[in-house]
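Student: Could you take a close look at one part of this model for me, the second chain, and then show me how the rest fits around it? I'd like one connected walk-through rather than a list.

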Amino acid sequence: MTSLFVKIKGQLGNFNLNFEHDFKSEGITVLYGPNGSGKSSIISAIGGFFRNLEISIILNGQDLEGKQKIPSYKRAIGTMFQDPQLFEHLTVSQNLDFAVKRVKPRNKKYINIEKTDLIKSLDLETLLKRFPTNLSGGEKLRVALARTILSQPDYLLLDEPMSDLDIRYKAKLIRFLKAFNKQNKIPILYVTHSIEEISQIADEIVLINKGRYIASGFTSKILNSYDFQNLVGKFEASSVLEGFVSKINKRFSLTTLNIDGQDLMVPGSPGSLNNFVRVRIRSRDIIITPIKINSYVAENLLVGKILEIEIEKKTAFSELVIVLLNKKNENKGQILRARITTYNLEKMNLSDNKKIYIYIRSVSIDRQAYQHN
Amino acid sequence: MEILNLSHSDIIALLVTLKLALTTCICLAIIGTPIAYFLAFSSSKGKSIIESIVTLPLVLPPTVIGFYLIIFFSPDTKLGQFFILLTGEQLVFSFYGLVLASIIYSLPFWVQPLQSSFENIGKQTIQTSNSLGAGPFDTFFNVILPLCRRGFLTSFILSFAHTMGEFGIVLMVGGGIHGKTKVIAISIYDHVEQLSFAKAHYLAGGMLVISFIILLCLYLSNKNISVRVK
């Protein structure tokens with residue numbers, strides 16, 4: 001079990017950093033916070049690029065910032081920055097060899113990752129002889145990722161690696177990272193402020209804001225928490241539903257998910273039969289009514305109960321926390337958040353514990369909303 | 001011995017000039033490179049002070065620097081005495097005194113292009129190299145040096161050309177002793193004083209052509225030269 005304890009305290013410019021967390025997950029942990037919340041500083045501190053701060057980094061029981069500070073080049077930590085930082089005087093192949101030649105003595109529990117395997121799985125065969133200036137953004141990123149992995153780190157730090165990529169590339173790389181993580185048991189700390197990326201890649205999430213730790217936990221729990229909703233802002237507020245694929249309609253390209261006994265039809269094919277899928281539903285895409293209306297409104301009709309109503313005093317909106325009916329276990333429904341106008345709320349005369357019907361149009365669910373397991 | 005209408009003493013002066021420029025560049029590589037590195041990556045408060053000191057020779061009249069250097073190099077000072085102890089010679093009017101003066105005078109021409117070249121590759125490139133397991137020296141020789149080779153070339157050529165073209169300080173500190181500290185610039189001055197314009201033409205014209213060719217090569221190979229006065 002890899003463990004990473006991080007504690008950072010101090011002033012960075014006019015920014016006060018005070019962060020402490022024990023990263024226990026062997027999977028992919030997303031460090032999420034708004035711009036300027038200190039995410040990159042935490043990554044830099046773990047990588048060993050900070051002085052003048054009160055830092056404690058303990059990786060697998062070894063104190064990296066102890067009396068004898070372990071310099072960055074001796075740490076078994078692979079850091080990849082937002083800019084791929086390929087060395088432009090070296091070809092792609094030489095860039096990869098730069099890492100291979102400098103592999104640190106490594107903990108026995110890890111398997112060495114072979115260059116040839118990695119080149120294959122990241123589609124780098126045709127790029128090997130080229131220089132970085134002749135590569136596209138996506139190609140650079142793949143090379144940089146391969147290079148970081150080839151330094152055989154015990155822990156991988158990725159600082160917003162995909163912010164410049166288009167969606168097609170993203171999905172591919174996310175699949176690679178998840179498979180890589182599972183296969184090699186090398187934990188990944190992944191920094192992003194993209195909600196799409198989070199719901200697709202994260203096993204666990206650590207939330208920070210203004211240099212401070214806010215909350216942490218499993219993805220679905222955090223994504224549905226108040227802390228998270230507060231950070232992302234109301235407009236982007238969303239909830240994550242989990243279910244398995246129960247039906248695939250090839251003719252219309254639709255997939256039906258079984259959410260604790262209720263059906264949710266989503267576009268595309270997020271998974272094959274019986275696969276477990278997470279899907280993110282934006283609060284503003286949900287239509288709710290106290291009475292059942294005709295089914296042409298939307299493809300999906302779910303049933304639930306109002307748990308809580310929060311009326312925003314300064315805006316036109318209200319937020320409803322809804323617990324979905326669970327046909328298997330009555331007390332354990334999944335949570336869904338809806339955002340409607342307060343005007344509509346009063347017109348419908350909604351109150352706590354009231355049974356409501358929830359309509360979700362499949363068209364509001366896009367490819368980025370899925371998380372595969 | 002006469003080559004291309006150059007007198008023996010002119011050829012000697014040419015050789016002294018080339019030796020001086022080359023020695024100065026080698027010394028600058030050793031002294032100026034760490035300064036440029038520090039200025040590019042440090043965020044310490046002392047940075048501006050050092051930056052100002054390094055740039056001073058660009059704005060001061062050469063006679064001011066020459067004057068202070070003569071005082072510094074005189075046998076009455078510790079430096080002067082130490083040099084006499086070391087070589088039995090005095091530092092003023094010696095070739096090494098000239099080298100020392102040229103290092104100071106050409107320092108901004110070495111430091112500034114290199115500094116901006118270092119700044120261009122940025123901190124994160126170095127951190128990335130560190131993260132891949134390369135220590136400071138490894139990173140310097142295998143990442144920074146090759147990435148900044150144009151910066152080094154620019155620094156070398158500018159410092160070399162500038163040292164070759166120096167007059168005021170060289171005259172004050174070196175005294176223009178034949179075979180020792182007399183460089184081309186002083187030879188030209190001497191020829192003009194003696195009204196031997198033909199000889200002066202050969203040297204001056206030669207310098208003009210050489211300097212032009214050097215700068216032309218530099219600008220053709222590298223469009224991002226920057227010598228800044230802050």
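Tutor: Let's start with burial: this is a predicted model, and in chain B 37% of the 230 residues count as buried. Chain B has ten helices and zero strands, so to speak an α-α-α-α-α-α-α-α-α-α pattern when you read along the sequence. Its C-alpha atoms fill a box of roughly 65 × 45 × 30 Å along the principal axes. Take the contacts in chain B between residues at least 6 apart in sequence: 73% of them join residues at least 24 apart.

Now turn to the side that meets the other chain. Here 13 residues of chain B are in contact with 20 residues of chain A. On the chain B side, α5 (95-131) and α6 (136-147) each supply at least two residues, and α5(B) gives the most, with six. By residue type, the chain B side divides into five nonpolar, eight polar and no charged residues.

Helix α5(B) turns up again inside. The largest nonpolar core has 130 residues, and Val30(A), Ala146(A) and Leu157(A) touch the most other members. The helix that gives the most to this core is α5(B), with twelve residues. From chain A, the core draws at least three residues from each of domain 1 (4-232) and domain 2 (281-372). Those two domains come from the domain assignment of chain A, and their centres, taken over C-alpha atoms, are separated by 36 Å.

Val30(A) is a good spot to zoom in on. Leaving aside neighbours within four places in sequence, Val30(A) is in contact with Tyr190(A), Thr192(A), Ile198(A), Ile201(A), Ala202(A) and Ile205(A). Ile205(A) lies within the residue range of strand β9 (204-209) of chain A, which pairs with strand β10 (212-218) of chain A in the antiparallel sense over six bridges. Across that pairing, Ile208(A) stands opposite Tyr213(A) in β10(A). The hairpin of β9(A) and β10(A) has two residues between the strands, and Lys210(A) takes a positive phi near 50° there.

Further back in chain A sits helix α1 (39-47), which is mostly covered, with eight of its nine residues buried. Among the buried ones are Lys39(A), Ser41(A), Ile42(A) and Gly47(A). Just after α1(A), you'll find Gly48(A) with a positive phi of about 95°.

Pro161(A) is another one to click on. Look for it in the loop between β7 (155-159) and α5 (167-184) of chain A. Why does Pro161(A) count as buried? Because there are 24 other C-beta atoms within 10 Å, and 20 or more is the cut-off for a buried residue. Not counting residues up to four places away in sequence, Pro161(A) touches Met80(A), Gln82(A), Leu141(A) and Leu145(A). Of these, Gln82(A) is 79 residues away from Pro161(A) in sequence, yet the two are 4.8 Å apart in space, C-alpha to C-alpha.

Past domain 1, have a look at strand β14 (276-282) of chain A. Six of the seven residues of β14(A) are buried, so this strand is largely enclosed by the rest of the structure. Strand β11 (238-249) of chain A pairs with β14(A) in the antiparallel sense over seven bridges. In that pairing, Glu242(A) stands opposite Arg278(A).

Last stop is an open sheet in chain A, made of five strands in the order β15-β19-β16-β17-β18 with antiparallel pairing. At the edges stand β15 (286-289) and β18 (335-341), each with a single partner strand, so one side of each is left without a neighbour in the sheet. Direction ignored, neighbouring strands of this sheet are turned by 45° against each other on average. For edge strand β18(A), the partner is β17 (317-324) of chain A, and the two pair in the antiparallel sense over seven bridges. One facing pair to pick out is Ile322(A), which stands opposite Leu336(A) in β18(A).

Notes
Residues are numbered from 1 along each chain as its sequence is written. Chains are lettered from A and ligands numbered from 1 in the order in which they are written. This is a predicted model: local features need pLDDT of at least 70, side-chain atom pairs count only at pLDDT 80 or more; totals for chains, interfaces and linings use all residues. Helices (H or I, at least four residues) and strands (E, at least two) are DSSP runs, numbered from the N terminus. A residue is buried if 20 or more other C-beta atoms lie within 10 Å of its own, exposed if 12 or fewer, and partly exposed in between; C-beta atoms are placed from the backbone. Two residues are in contact if their C-beta atoms, placed from the backbone, lie within 7 Å. Ala, Val, Leu, Ile, Met, Phe, Trp, Tyr, Cys and Pro count as nonpolar, Asp, Glu, Lys and Arg as charged, and the others, Gly among them, as polar. Two strands pair if DSSP finds at least two bridges between them. Axes are lines fitted to C-alpha atoms, for helices over the stretch in contact, and angles run from 0 to 180 degrees between N-to-C directions. A nonpolar core is a set of buried Ala, Val, Leu, Ile, Met, Phe, Trp, Tyr and Cys residues joined through C-beta atoms within 7 Å. Domain bounds come from an automatic or database domain assignment.
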